Each structure stands twice: as C-alpha cells, then as structure tokens.
Amino acid sequence: MMKSKHIPEEQLVDYLLGNIGEWDAKQIKAHLNHCKKCQYLLSDWQFLLSQDHKKFQPSQSMKDRIQHSINQMEGKSFKRRTVIGKPGLLFATIACVFLIFYSVHSYYQDINTRNYEIAENDEIPPETIQSAPHTQQIKVTPVSEFNQINGYVWVNRNRNEMLLEVDGLEELINQDYQLWIIYTDNSVDHEILPTQNGMTRMLFRDIDVDEFKKLKASVEPRGGSIEQTGPDTFIVEFQ
C-alpha cells in the first residue's frame, strides 16, 4: 500500500489564508522546512491564489486535486493517494475550492479522466515490476546539455504499471524537474520529479501504459508549469 505522511492540501490552503490557529501554523511551518513534497503543493496553491481566476487555466495535476477535493465532499474518491491528517475541510477551504472550480468550469469540461496512483522514492516498495513477467525495460536518453543523466523506465502492460529511475540530476535552485507523459492522442499528464541526492524514483500504477507515446522531462520554475517552458533533460520514446 502506498502511504505518505504529508500535510493535507486543505490544511495548506487554510495555512495560506491564515485560517488556522497559531500552534497548527507553527507545526505546518516546521514540516515545510524539511518536506519538499509539501513545499511543492504550497507553491502550487500560492501561485493559484495569486492569479486572476478569469484568466487562470490550471495544470492537469491541479485539476485532478480540485476534483479530488470536491469528490471528498461528495463521499467519493478520485485520485487514490493516501494522506494522514485531521479529517474534514474548513469552511474557508471549501469556499476557496469551489471558487476555483467554478471559475475554471469551461476548462474543466475537458479534464483528462486518467486515474493513477504514484509512489515516490522511499515510498516505493522493495518488490516492484522490474522482475515481473512481461516487464519491458527502456533506457532513458539524455539530452546533450544533460548528458550526465542516466536511467531506465520499466513498463508492464499487463499490470498497467511504470517505474522510472533516473540519476545524475543536478541540484536546482528555484526550479524543478518536471515529467511530461505524452499519450498517443497527444494529451499530456505531468508531475514534478521528486529528487533525492540527484536521483528520482517514481512508481505509477493503474496508468494507461498501452497509450504511451513519449516521456520527457524538463527544467521548469519552482512548482512546475502548465505547459513546458524549459529545456528537455531526457526523453523516453515508446513509438
């Protein structure tokens, strides 16, 4: 089972809006000092809340998380990522989520409905798809300016799983490595690559491996981009 101990996004939004107590705020601040994953989410929400919502178009991961919050309120589950924290949403967070949801309603109609699980780095169990039957191994191709990068992708079409392992990633300041998953219909999913000591590992489950066209990663501003703005770092071709 994939588990992580992170601050629920609803609490991060309340933290940004100043709608939590002093003690809780100190606990969140202390956690943010050492948790990159929660720092990414905080940056994402800071960016979102600073935008003109009439012009704002959310990233795929942000749309997924908005839908997830709404489905939680309806007693449903959209994206199966486990978080540990206090249950429930504060009223300010509910209002914020609905404001964002309705302000992007027309764009929301085209939301990609792909639903997959992700485990990152230490969250990945020891036994994965690498040694499973029908697993295909594909070498990562670095782009010339990043030729120190090396790694592999393992995909298993029977299990709809993908494991990505890449090292040689140089430390970035105020930037992130972002993964772009391009499908045969040219739709795109994207995720921030969580790096530890120059390496990243991501395990995807229940993902449409048969529909993969290409993977690539780029250097993007901190928190990621809606569309690619920085240079490619590596590519994996499927077709």
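How many bridges join β4 to β5, and in which direction do the two strands run? In this predicted model, seven bridges join the pair, and the strands run antiparallel. Within this pairing, Val-155 has Met-162 of β5 as its bridge partner. The hairpin formed by β4 and β5 has four residues between the strands, and Asn-160 takes a positive phi near 55° there.

It helps to step back to the whole chain for a moment. The protein has six helices and ten strands, and 48% of its 239 residues count as buried. Among contacts with a separation of 6 or more, 68% are made by residues 24 or more positions apart.

The β4–β5 pair belongs to an open sheet of five strands, arranged in the order β1-β8-β5-β4-β2 with antiparallel pairing. At the edges lie β1 (117–120) and β2 (135–139), each of which pairs on one side only. From one strand to the next, the twist averages 15°. As general background, strands of a sheet pair through backbone hydrogen bonds, either parallel or antiparallel.

Following the sheet from the β2 edge, five bridges join β2 to β4 (residues 150–156), and these strands run antiparallel. Here Gln-137 stands opposite Trp-154 of β4. Strand β5 is linked to β8 by seven bridges, again with an antiparallel run. Met-162, the bridge partner of Val-155, stands opposite Phe-204 in β8. As for its surroundings, β5 (residues 161–167) has six of its seven residues buried, so this strand is largely enclosed by the rest of the structure.

A look at one loop residue adds some detail around β8. Leu-193 is found in the loop between β7 (188–192) and β8 (199–205). Is Leu-193 buried or exposed? Its relative accessible area is 1%, and because buried means under 20%, Leu-193 counts as buried. Leaving aside residues up to four places away in sequence, Leu-193 touches Tyr-40, Leu-164, Tyr-177, Gln-178, Leu-179, Thr-200, Met-202, Ala-217 and Phe-234. Of these contacts, Leu-164 lies within the residue range of β5, while Thr-200 and Met-202 lie within that of β8. The C-alpha atoms of Leu-193 and Gly-224 are separated by 9.6 Å, with the two residues 31 apart along the chain.

The helices at the start of the chain can be described in a similar way. Two packed helices are described by the angle between their axes and the distance between the axes. Helix α1 (residues 9–17) packs with helix α3 (residues 36–49) at an angle of about 55°, their axes being 10 Å apart. The two helices, α1 and α3, are therefore oblique to each other, and their crossing is right-handed. On the α1 side, Glu-9, Leu-12, Val-13, Tyr-15, Leu-16 and Leu-17 take part, meeting Cys-38, Leu-41, Leu-42, Trp-45, Gln-46 and Leu-49 in α3. By class, this contact of α1 with α3 comprises ten nonpolar residues, one polar and one charged.

Helix α1 also meets α2 (residues 22–32), where the axes come within 11 Å and cross at roughly 110°. That angle makes α1 roughly perpendicular to α2, and the crossing of α1 and α2 is left-handed. In this contact, Gln-11, Leu-12 and Tyr-15 of α1 meet Ala-25, Ile-28, Lys-29 and Leu-32 of α2. The residues divide into five nonpolar, one polar and one charged. Leu-12 and Tyr-15 thus appear in the contact of α1 with α3 as well as in that with α2.

Methods:
Residues numbered from 1 in each chain as written. Predicted model: local features only at pLDDT ≥ 70, side-chain atom pairs only at ≥ 80, totals over all residues. Heavy atoms only, no water. Pairing = 2+ DSSP bridges. Axes fitted to C-alpha atoms, helices over the stretch in contact; angles between N-to-C directions. Parallel < 35°, antiparallel > 145°, perpendicular 65-115°, else oblique. Left-handed = near helix turned anticlockwise from the far one by under 90°. Contact = heavy atoms within 4.5 Å. Nonpolar A, V, L, I, M, F, W, Y, C, P; charged D, E, K, R; others polar. Buried < 20%, exposed > 50% of the residue type's maximum accessible area, 1.4 Å probe, protein only.
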